[in-house]
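Let's take a walk through this model together, beginning at the ligand and working outward. Have the structure open as you read.

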Amino acid sequence: MYNEFGINNKAKEIVLKEEENLKEEFKKIDELCDINSLKVLNAFNKNNITEAHFNSTTGYGYDDMGRDAIERVFADVLGAEDALVRSQFISGSHALCVALFAYLRPNDVMLSITGTPYDTLHEVIGIKENKSSLKSFGVKYDEIDLKDNDFDYDEIKKYLKNNKVKLIEIQRSKGYSTRKSIEVDKVEKVIKEIRSVDKEVIIMVDNCYCEFVEDKTPLEVGADIIVGSLIKNLGGGIAPNGAYIAGKKELVDLAGERLTLPGEGREVGPSLGINKSILQGLFFAPLVVASSLKTAVLTSKVLEKLGYEVDPKYNEKRADIVQNIVFGNEKDLVNYCGGIQSASPVDSASKPIPWDMPGYTDKIVMASGSFTQGSSIELSCDGPVRKPYIAYQQGSLTYSYGKIAVMKAVSNLINSD
Ligand SMILES: *Cc1c(COP(=O)(O)O)cnc(C)c1O
């Protein structure tokens, strides 16, 4: 059956052999899954979730008890005072945009302390020209790069002493960069340093790809507000779209006023039949994140064995679900992505080819055959076609599907030699 599926014996053997060496790593991931499952179940029970919460509202969406219960459950799972969880957020990028516009006013300063933020925020902030950017409203922006894969503590403190900053953004996941993603412990350390100089600045964390990868959240170590996508970790592959903003109640309410309209805020927002999907997605999320982590660990081990540079290594502590593979040449990058695409449940006949994408300088090759468009908690693999030809692979709804896809992608690599 493997051969019939286009997996050659050599690829299958390498993957199964390397998998043997991952028992310790997988045990740790299973333990993490248990803890996160406990958190989720506890939040469901505490908030007394019943079938009535699956009911839906239309129109204004007043008194949507399911929506309100979902927000209490998310708040409990994330260690937050409050949370806004809505399908009126298109995805994580939109929620980040809403949060920034909710907290920043003309002449305020936004400071990123993890270098240039994620690509979709460039036009939001005005790093790239856009007539509706924060910059067009007179919001000022500055950034401080990471230093040796850690925060530049001295530079951050110096900046805060010399400037009144309204909001600090910390992006944990690496995006299309080669830096390390940022663990909660590091977030805790930098927040302590920030608070030693400035007690008021809003500390906002882009938490995309990081939920349930560790057993602590940035809110539990002092962040004011965190933002994430429901077509990533916490949607569990089931939420059809949406995002969350969680943290201090006052800040969550402000985001509500911006998402809908001042005066109506969080009171409106019809759930249009997706309450059950959001709850079920969250219920599955600990397992789906664990499956994604196992797939990433397996990929790291196998591709390292085949002689490629990988980041993180299989036994390294992870902060997110993203696995980098440095292919070193275009052909291997494209062949590997082709293998992932052909092992997808949807669009398996499509062949990923490098293509110009809006907002990117280089051509991008992208494998994604997901049930939900753009969902990257489902297995996907992509990268800019430029030296050193890095693939960014993430997700997998189950470990078996992830493993099969890695076998197929490795077959593609070997066959092309
Ligand atoms: C994916 C991602 C986003 C955007 O999330 P979408 O749901 O795709 O809009 C923002 N920031 C980071 C770091 C991400 O990885």
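In this predicted model, look for the side chain of Lys232: one of its N or O atoms lies 3.0 Å from an oxygen atom of the ligand. Two serines make polar contacts with the ligand as well. The side chain of Ser91 places an N or O atom 2.6 Å from a ligand oxygen, and for Ser229 the distance from a side-chain N or O atom to an oxygen of the ligand is 2.6 Å. How much of the ligand does the protein cover? On its own the ligand has 380 Å² of accessible area, and the protein covers 93% of that.

Now step back to the whole shell. The ligand is surrounded by 13 residues, and Ser91, Ser93, Asp206, Ser229 and Lys232 are the closest. By class, the shell holds 5 nonpolar, 6 polar and 2 charged residues. Which element gives the largest share of this shell? That is helix 4, spanning residues 92–103, with 3 residues.

Zoom out once more, and you will find that the ligand sits in the largest pocket. This pocket has a volume of about 890 Å³. Its lining is made up of 34 residues, with Tyr118, Tyr209, Lys232, Gly374 and Ser376 nearest the centre. Helix 4, strand 10 (364–368), strand 11 (380–384) and strand 12 (390–394) are the elements that each give two or more residues to the lining. Helix 4 again provides the largest share, here 3 residues. As for the character of the lining, 17 of its residues are polar, 11 are nonpolar and 6 are charged.

Note on methods
Residues are numbered from 1 along each chain as its sequence is written. This is a predicted model: local features need pLDDT of at least 70, side-chain atom pairs count only at pLDDT 80 or more; totals for chains, interfaces and linings use all residues. Side-chain values use heavy atoms; hydrogens and water are left out. A residue is near a molecule or strand if one of its heavy atoms lies within 4 Å of it. A polar contact is a pair of N or O atoms within 3.5 Å; within protein, one must be able to donate a hydrogen and the other to accept it, and residues adjacent in sequence count only if both atoms are side-chain atoms. Accessible areas come from the Shrake-Rupley method with a 1.4 Å probe; for residues, only the protein chains shown count as cover. On a 1 Å grid over the protein atoms alone, a cavity is a set of points where a 1.4 Å probe fits but cannot get out, and a pocket is an open set with protein on both sides within 12 Å along at least five of seven lines; lining residues have an atom within 4 Å of a point. A molecule sits in a cavity or pocket if more than half of its atoms lie within 2 Å of its grid points. Helices (H or I, at least four residues) and strands (E, at least two) are DSSP runs, numbered from the N terminus. Ala, Val, Leu, Ile, Met, Phe, Trp, Tyr, Cys and Pro count as nonpolar, Asp, Glu, Lys and Arg as charged, and the others, Gly among them, as polar. Grid points are joined across faces, edges and corners, and a volume is the space filled by probe spheres set on the points.
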